[in-house]
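Here is a friendly walk through a few local features of one protein model. Please keep the viewer open while you read.

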Amino acid sequence: MNFFFSWWGFYGLTVVMENIKSPTVKVAVLKIIVPLWITFFLFLLSLFFIFIPSLKTHMMDQKKEMIHGLTDSAWSLLLDYHHRVERSELFLADAQSRAKERIKELRYGSDGKDYFWISDLHPRMIMHPYVPGLDGTDLSTYANSQGRFMFTESAALVKEKGEGYLTYLWQWQDDPERIAEKLSYVKGFFPWGWVLGTGMYLDDVNSEIRVITHRLIEIFMGLLIIVLGFSFYITWQTVKNEKKRALAETGLRLEEQRLQKILELSQMSHASLEELTTFAIDQATVLTQSDIGYLFFMNDDETEMTVQNWSSNVMDLCELVDKPMVFPVKASGLWGEAIRKREAVITNDYKCPGSGRAKGYPRGHVDIVRHLNIPVFDGDAIVAVAGVANKRDRYNDSDVRQLQLLMDGMWKIIQRHRSEKALMESEQRYRLLADNATDCIWVLELFSRRLLYMSPSVKQMLGHTPEEFVRLESRDYLTEASLTYISMELDRELALEEKGGVDPDRVIVLELEHIKKDGATVWTETSARFLRDDQGCADRILGITRNITGRRQMEQRLKHSQKMEAVGTLAGGIAHDFNNILSSVLGFAELAKMGNEDDTELQDNLDQILAAGIRARDLVKHILTFSRQSDIQKSPMILAPLVKGCLQSVRATLPKDIDLIQRLEKTEATVMANASQLHQIIMNLCSNAVHAMKNSGGTIEIGLEAVAIEDPAIARAKGIVLGTYLELSVADTGTGMSSQVLGKIFDPFFTTKKRREATGMGLSTVYGIVREMEGNVLVSSEPGRGTTFQVFLPVCGAKPAGPVQSPALSKQVKARILWVDDEEVIIRSGRQCLESLAYKITGATDPLYALGLFRSYPGKFDLVVCDMAMPGINGLELSKRLLKIRPDIPIVLCTGFSQGLTSTMVKESGIVDLVMKPIIADKLVEVIASALNQNSGRVLNGQNLNH
């Protein structure tokens, strides 16, 4: 084609020269044409052999510098994340993941498809945005279409020099079918062992060179034709072509400037919103060669524009006094056109008469000659509108592209800033919650069963720091039973996941026993749910673990109380009938013993019957006391002397290999108690301690001190209310107890002793007595490490009562007794016993019959012995009716079960005494004598009882 134009040019020159007759004109023409031809050919030679190679070299250097700079920017991003790892702001895996995603999204180039890739020094592909199949693969055997192992070469280059350039063949951006020559710059990020690279396609440079060359050839071919036509046109055309060349260079320079500014904008990661928008709109005016520019932000419904920024010089040019900041889109003129049309709008013929009001802006506003504005989209929504004005030349599509790319880049950075800020605020809120919550918050990787996160509260709950805890195995912090339980539950949940059709957001709640750092165990309640990946598959578990040891202890105490209540109900139900039976057994046994004093063998047998009966009676008393069904007389008493007295008895019976240590505080504090019950507490606890050391010996330590419970948390833990207590402690160095045994020791009839050694009611009785006194019993024990009981008894303010004198028994006189009981055998045994002592007994098994008999002969009886539970009317009601008939008649009420009766209630009803069955003979005589003695000044059978 060049030959054709050259031949045509010479032919044209010959024709022109032949038609020119004037030598002067020819010389003039030749002076113009010959230098132009010489210049043309010299320029043509320079173009192909000097300018174009130099231009190509220059562009290559610029491109190389550009990819070098871009790689350094991405490398700086990796360094920033590495510093955050060093500052413990991020875990290494999290930092690498975030860095990969950030770099994976980076794009540049004229079509926004040039990218970065990352491998390691092995080499193994870390990330490639357009060839995701390479991610994670070994690249040491990966070759391109030339057979070059470019990734291996990259790793070798980084190992040797740290960074450098490589040229090779590679697919065209996201088109794997197109192979092109590419120049890449690689740089090592050695803290992570990564190789970071990016590159440019040489076709881009060659294409631009070809375009420029083609355009230059066209220009100079046109010049040649015009020169041959006539010199003035050639001269004018030369000037014109020079101008076009200048415009092309200006356009190229603007493109380079735009790339540079976009790169600078992308590096403003820590800039404020004001700095970002000011930089963007100022550079937009420069790149479009405009005088002024502006940026408005839109509201959510796209009805109003709010001024965000004017270019830096607008305020100097604008003479408006009241500068509006918000513009309704409907009322705005040219400023809102791009919003209404939802596309770029160019106005190159904007005319403004002198007042400036014809086009709708007020006096003092900057004059508008030309105008360009564009909408900025976020998805389908317009979020901003940007504009420039008063370019010296006409606005064109290149200006639209310059402005659009710059504003889009700006908005992406703003969105990223907002997302990062929101993420940071969310992370801060989460960290604030996680770091200050008393519950443990944790995340577990599902398939590796590895803890990814543990909140700091684990230090308080289990004694481990979070860093220590995440390195532990499950068996290190879960008991065997809990580990088995949680494995079964997890397998069940995973099976439900595979089956499908279940709530993906379900929460499961498990109670587990955890092992603390010091080896102790605590009970926890764990609420857990699955976390899911982008495909909705469960890949992690989020859990919240709460210490419920205190709650479980309260639940155990509640269960124990319910169990005690059930036993008490049972005891109350059988106590009456059982005591009636015992009354008969003991009564007739005593009668048989009294009538056969000479028969030694029979006396021994009867003693065994009496001993068994008394043991049975005491067992019923234990049950009733333990279940709080019996009425016990209590009075203020100082505990220390009683403890010392009990310990004297204990010391006398101790084996030689057991030592007794007393640590009794001298205190005058009193407790409201019954001496017999306190004696039971001390003796039962000491007996329990002796039994625990019977084979190995050891030490029993008895302590007594006054303690003030003022902290509500301590009070809740000990199961008592705030106040002052006497703490009685009994500690031994015996065999100790397992947690399973420890949970049952207060259960009635539970014992670890042999059947004939204990009834299983000792500790149950202790528990019942202490709880009835509004105190509590705590026990701590471990196998092989002994046991400690702590008894807390509330201190009362009353002073101990003085000694009570027992009333003197009456002389043995013949008293007349009405005995009312629905059990005939009890009346029978009582009659035989009392009549042998000169008492006269009238028995009645029917309370109504007894009432009629007494009504008929009220003066015939000196005393009434009455059973409580009888058919028709009970003993209390019968007593009230008897007292209405004769108010001075002494009445003794007998019962096998008090059914809530107290001595106070009985005495207020006029009854002399309340006696619990079964009653042995000596006790029966004592009660009757005492009741008769209370009739001071009365005459019995004609005898004064005071004599």
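The largest cavity in this predicted model holds about 180 Å³ of space. Of the 20 residues that line this cavity, Trp819, Ile826, Ser829, Ile919 and Leu924 are the closest to its centre. The lining divides into 12 nonpolar, 4 polar and 4 charged residues. At least two lining residues come from each of α15 (549–595), β24 (816–820), α22 (824–835), β26 (863–867) and α26 (921–933). In total, the structure holds 3 cavities of 30 Å³ or more. Rolling a probe the size of a water molecule over the atoms is a way to show where empty space is left.

**Helix α4 and its surroundings**

Next, have a look at α4, which covers residues 150–161. Its 12 residues should span 16 Å at 1.5 Å a residue, and the end C-alpha atoms are indeed 16 Å apart, so the two values agree. Which residues of α4 are buried? They are Met150, Phe151, Ser154, Ala155, Leu157 and Val158. Because these residues cover an arc of only 160 degrees around the axis, they sit on the same side of α4. Lys159 and Glu160, on the other side of α4, are exposed.

The packing partners of the buried residues of α4 are strands: β1 (116–120), β2 (125–127), β3 (163–172), β4 (175–189) and β5 (194–201). The loop between β1 and β2 contains Pro123, and the peptide bond from His122 to Pro123 is cis, with omega near 5 degrees. Just after α4 comes Gly162, with a positive phi of about 90 degrees.

**Helix α7**

Helix α7 (residues 273–287) can be checked in a similar way: its 15 residues reach 21 Å from the first C-alpha to the last, close to the 21 Å expected at 1.5 Å a residue. The buried residues of α7 include Leu276, Phe279, Ala280, Ile281 and Leu287, and also Thr277, Asp282 and Gln283 among them. After α7 comes Gln289, which has a positive phi near 55 degrees.

**Unusual backbone angles**

Most residues other than glycine have a negative phi, and most peptide bonds are trans. Two loop residues with positive phi values are set out below.

| Residue | Phi | Loop | Relative accessible area |
|---|---|---|---|
| Arg342 | near 60 degrees | between α9 (337–341) and β9 (345–347) | 36% |
| Glu774 | near 65 degrees | between α21 (762–772) and β22 (776–781) | 63% |

Is Glu774 buried or exposed? Glu774 counts as exposed because its relative accessibility is 63%, and exposed means over 50%. Arg342, at 36%, is partly exposed.

**A buried alanine in α18**

Finally, find Ala689 in helix α18 (residues 675–692). With a relative accessibility of 1%, Ala689 counts as buried. What does Ala689 touch, not counting residues up to four places away in sequence? The contacts are Ile700, Val730 and Asp732. Ala689 and Asp732 are 43 residues apart in sequence, yet their C-alpha atoms are 5.7 Å apart in space.

Notes:
Residues are numbered from 1 along each chain as its sequence is written. This is a predicted model: local features need pLDDT of at least 70, side-chain atom pairs count only at pLDDT 80 or more; totals for chains, interfaces and linings use all residues. Side-chain values use heavy atoms; hydrogens and water are left out. On a 1 Å grid over the protein atoms alone, a cavity is a set of points where a 1.4 Å probe fits but cannot get out, and a pocket is an open set with protein on both sides within 12 Å along at least five of seven lines; lining residues have an atom within 4 Å of a point. Grid points are joined across faces, edges and corners, and a volume is the space filled by probe spheres set on the points. Helices (H or I, at least four residues) and strands (E, at least two) are DSSP runs, numbered from the N terminus. Ala, Val, Leu, Ile, Met, Phe, Trp, Tyr, Cys and Pro count as nonpolar, Asp, Glu, Lys and Arg as charged, and the others, Gly among them, as polar. The expected span of a helix is 1.5 Å times one less than its number of residues. Buried means under 20% relative accessible area, exposed over 50%, partly exposed in between (1.4 Å probe, protein chains only). The arc is that of the directions from the helix axis to the C-beta atoms. Contact means heavy atoms within 4.5 Å.
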